[in-house]
Amino acid sequence: MCGTTPCRLRGADALFDVCARKIHPEPFHISADGNYSWEEVECLGACVNAPMVLIWNDTYEDLTAESFEKVLDGFTNGKPAKPGPQVDRHFSAPIGGPTTLTEKAATPANVRETPAGQAST
């Protein structure tokens, strides 16, 4: 679980509480069922989608305590959640989709368009 500033500012403390309650109160200890352990690490590289965790090779991002519990429950039930953002977001795009540069820019009158693959003269 990421414990750096962006994740902390966006709610990672609530995720640590989930780990303490569902896995073990302390990091580096195996859960009672023998399936889980957890640890805090520095920067997992998805700061724009904070808070986030890394499980095996997959990241689970934009987590809340509730969505993180669902991710853990999915592993317990054999139906893991899809990795990536756990909200309406594609990769690191804005939540809800693009908000800028949504239309093709007009070509200024003094610029001549050239067919793709050809150099202008």
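A residue counts as buried when its relative accessible area is under 20%. The views below are taken from a predicted model.

**View 1. The surroundings of S31 in the loop between α2 and β1.** The relative accessibility of S31 is 6%, so this residue counts as buried. Its side chain is joined to the side chain of D33 by a polar contact of 2.5 Å. A polar atom of the S31 side chain also lies 3.3 Å from the backbone nitrogen of N35. When residues up to four places away in sequence are not counted, S31 touches I23 and Y36.

**View 2. The surroundings of A12 in helix α2, which comprises residues 12–22.** A12 has a relative accessibility of 0% and therefore counts as buried. Leaving aside residues up to four places away in sequence, A12 touches M1, C2, C7 and P51. The view also includes V53, which is 41 residues from A12 in sequence. In space, A12 and V53 are 9.3 Å apart, C-alpha to C-alpha.

**View 3. The open sheet of 3 strands, in the order β1-β2-β3.** The pairing in this sheet is mixed. β1 and β3 stand at the edges and have a single partner strand each, so one side of each is left without a neighbour in the sheet. Strands of a sheet pair through backbone hydrogen bonds, in either a parallel or an antiparallel sense. Both senses can be followed here: β1 and β2 pair in the antiparallel sense over 3 bridges, whereas β2 and β3 pair in the parallel sense over 2 bridges.

**View 4. The hairpin of β1 and β2.** The strands are β1 (53–55) and β2 (residues 58–61). Between them lie 2 residues. In this hairpin, W56 takes a positive phi near 55°. Across the antiparallel pair, I55 stands opposite D58 in β2.

**View 5. The pairing of β2 with β3.** Here the strands run in the parallel sense. Y60 stands opposite G84 in β3, and E61 stands opposite P85 in β3. In a regular strand, the side chains alternate between the two faces of the sheet.

**View 6. The surroundings of R89 in the segment after β3 (84–85).** With a relative accessibility of 14%, R89 counts as buried. Which residue has a side chain joined to that of R89 by a polar contact of 3.5 Å? The partner is N49. N49 is also one of the residues that R89 touches, once residues up to four places away in sequence are set aside. The others are R10, V48, D62, P94 and I95.

**View 7. The largest pocket, with a volume of about 460 Å³.** The lining consists of 18 residues. Nearest the centre of the pocket lie S37, W38, L54, I55 and W56. Two of the elements seen from the sequence, β1 (53–55) and α3 (65–76), each supply at least two residues of the lining. What is the make-up of the lining by class? The lining has 15 nonpolar, 2 polar and 1 charged residues. The pocket view thus returns to residues of the hairpin: I55, which stands opposite D58, and W56, with its positive phi, are among the residues nearest the pocket centre.

Note on methods. Residues are numbered from 1 along each chain as its sequence is written. This is a predicted model: local features need pLDDT of at least 70, side-chain atom pairs count only at pLDDT 80 or more; totals for chains, interfaces and linings use all residues. Side-chain values use heavy atoms; hydrogens and water are left out. Helices (H or I, at least four residues) and strands (E, at least two) are DSSP runs, numbered from the N terminus. Buried means under 20% relative accessible area, exposed over 50%, partly exposed in between (1.4 Å probe, protein chains only). A polar contact is a pair of N or O atoms within 3.5 Å; within protein, one must be able to donate a hydrogen and the other to accept it, and residues adjacent in sequence count only if both atoms are side-chain atoms. Contact means heavy atoms within 4.5 Å. On a 1 Å grid over the protein atoms alone, a cavity is a set of points where a 1.4 Å probe fits but cannot get out, and a pocket is an open set with protein on both sides within 12 Å along at least five of seven lines; lining residues have an atom within 4 Å of a point. Grid points are joined across faces, edges and corners, and a volume is the space filled by probe spheres set on the points. Ala, Val, Leu, Ile, Met, Phe, Trp, Tyr, Cys and Pro count as nonpolar, Asp, Glu, Lys and Arg as charged, and the others, Gly among them, as polar. Two strands pair if DSSP finds at least two bridges between them.
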